[in-house]
Amino acid sequence: MTVSSVGNTNPPVNETPRMDPKATLQEMLQTLGFTVTVEERPIEDQILLDIQTDDPGRLIGRSGQTLSELQFLLNKLVFKHDARIPKLILDVCGYRQQAREQLIKRAKETAEKVRRWGDVLELEPMNGYDRWVVHQALKDDPDIETSSVEVEGSEKKVILVRPRRR
């Protein structure tokens, strides 16, 4: 018996179908016992997947640790399948958005102190995403520059905020 290629809807052998990050996340969470809906929005060159659930605390974890680990796993899984998909940012019921707004506010307040006093100030140890938020918040400030510095014995780094060298 021969198989005809007429009407064959399978992709060519060397072309894998695009993975749907939103559907993958929903399936992961449902497998873990969560009832969720996921909203997808593009943010700059990334994709935000905002998870709506009646039990946000379990998905967020202490200081967002569970959410960060879930984001890491999803990005690894999706990128391994399809490297063309942009980085995924997960949020649960607006938690990250509120935390991001507070972080931006704190970064700008720190920049104002640096501008006023001329001292170098250090922000607390942060994960990569939070450092990225701070660097983005202050990158266009003509008087301020930021740099990340490793903290000995930690995977997190601190951000130094200093007057811009001229």
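**Exercise 1. Which residues does glutamine 46 touch, leaving out residues up to four places away in sequence?**

Solution.
Step 1. Select glutamine 46 in this predicted model and look for its contacts. Glutamine 46 touches Arg41, Pro86, Lys87, Ile89 and Trp132, once residues up to four places away in sequence are left out.
Step 2. Find the element: glutamine 46 belongs to strand β2.
Step 3. Decide how covered the residue is. The relative accessible area of glutamine 46 is 12%. Buried means under 20%, so glutamine 46 counts as buried.

**Exercise 2. Which elements does the protein have, and how do they follow one another?**

Solution.
Step 1. Count by type: the protein has 5 helices and 6 strands.
Step 2. Walk along the chain. Starting at the N terminus, the elements come in the order α-β-β-α-α-β-α-β-α-β-β.
Step 3. Add an overall picture. Of the 166 residues in the protein, 33% are buried. Now take the contacts between residues at least 6 apart in sequence: 57% of them join residues at least 24 apart.

**Exercise 3. In which sense do β2 and β3 pair, parallel or antiparallel, and how covered is β3?**

Solution.
Step 1. Look at the pairing: strand β2, residues 46-53, runs parallel to β3, and 5 bridges link the two.
Step 2. Pick one bridge to follow. Isoleucine 47 has leucine 88 in β3 as its bridge partner.
Step 3. Check the cover: 5 of the 5 residues of β3 are buried.
Step 4. Sort the residues by face. In a regular strand, side chains alternate between the two faces of the sheet. Here Leu88, Leu90 and Val92 lie on one side, Ile89 and Asp91 lie on the other, and all are buried.

**Exercise 4. Does the span of α4 agree or disagree with the expected value, and what do its buried residues pack against?**

Solution.
Step 1. Work out the expected span. With 23 residues and 1.5 Å a residue, α4 should span 33 Å. If you wonder how the product is formed, the expected span is 1.5 Å times one less than the number of residues.
Step 2. Compare with the model: the end C-alpha atoms of α4 are 33 Å apart, which agrees.
Step 3. List the buried residues of α4: Arg96, Arg100, Leu103, Ala107, Thr110, Ala111 and Val114.
Step 4. Think about the spacing in that list. An α-helix has 3.6 residues a turn, so residues three or four places apart point the same way.
Step 5. Find the neighbours. The buried residues of α4 pack against α3, β3, β4, α5, β5 and β6.
Step 6. Look just past the helix: glycine 118 follows α4 and has a positive phi, near 80 degrees.

**Exercise 5. In what order do the 3 strands of the open sheet stand, and which strands are at its edges?**

Solution.
Step 1. Read off the order: the 3 strands stand as β4-β6-β5, with antiparallel pairing.
Step 2. Find the edges. β4 and β5 each have a single partner strand, so one side of each is left without a neighbour in the sheet.
Step 3. Zoom in on one pair. β4 and β6 run antiparallel and are joined by 2 bridges. Across this pair, glutamate 122 is opposite leucine 160 in β6.
Step 4. Visit lysine 157, which is also in strand β6. Its relative accessible area is 27%, which makes lysine 157 partly exposed.
Step 5. Compare sequence and space. Lysine 157 and proline 125 are 32 residues apart along the chain, and their C-alpha atoms are separated by 5.1 Å. Pro125 is among the residues that lysine 157 touches, as are Glu124, Met126 and Arg131.

**Exercise 6. What are the volumes of the largest pocket and the largest cavity, and what lines them?**

Solution.
Step 1. Start with the pocket: the largest pocket holds about 700 Å³ of space. Of its 26 lining residues, Ser68, Arg96, Asn127, Gly128 and Tyr129 are the closest to the centre.
Step 2. Name the elements. α3, α4 and α5 each give two or more residues to the lining of the largest pocket.
Step 3. Sort that lining by type: 7 residues are nonpolar, 8 polar and 11 charged.
Step 4. Turn to the cavity. The largest cavity has a volume of about 100 Å³, and its lining includes Gln46, Ile47, Ile89, Arg96 and Tyr129. Two or more of the lining residues come from each of β2, β3, α4 and α5.
Step 5. Sort this lining too: 6 residues are nonpolar, 2 polar and 3 charged.

Key
Residues are numbered from 1 along each chain as its sequence is written. This is a predicted model: local features need pLDDT of at least 70, side-chain atom pairs count only at pLDDT 80 or more; totals for chains, interfaces and linings use all residues. Side-chain values use heavy atoms; hydrogens and water are left out. On a 1 Å grid over the protein atoms alone, a cavity is a set of points where a 1.4 Å probe fits but cannot get out, and a pocket is an open set with protein on both sides within 12 Å along at least five of seven lines; lining residues have an atom within 4 Å of a point. Grid points are joined across faces, edges and corners, and a volume is the space filled by probe spheres set on the points. Helices (H or I, at least four residues) and strands (E, at least two) are DSSP runs, numbered from the N terminus. Ala, Val, Leu, Ile, Met, Phe, Trp, Tyr, Cys and Pro count as nonpolar, Asp, Glu, Lys and Arg as charged, and the others, Gly among them, as polar. Buried means under 20% relative accessible area, exposed over 50%, partly exposed in between (1.4 Å probe, protein chains only). Contact means heavy atoms within 4.5 Å. Two strands pair if DSSP finds at least two bridges between them.
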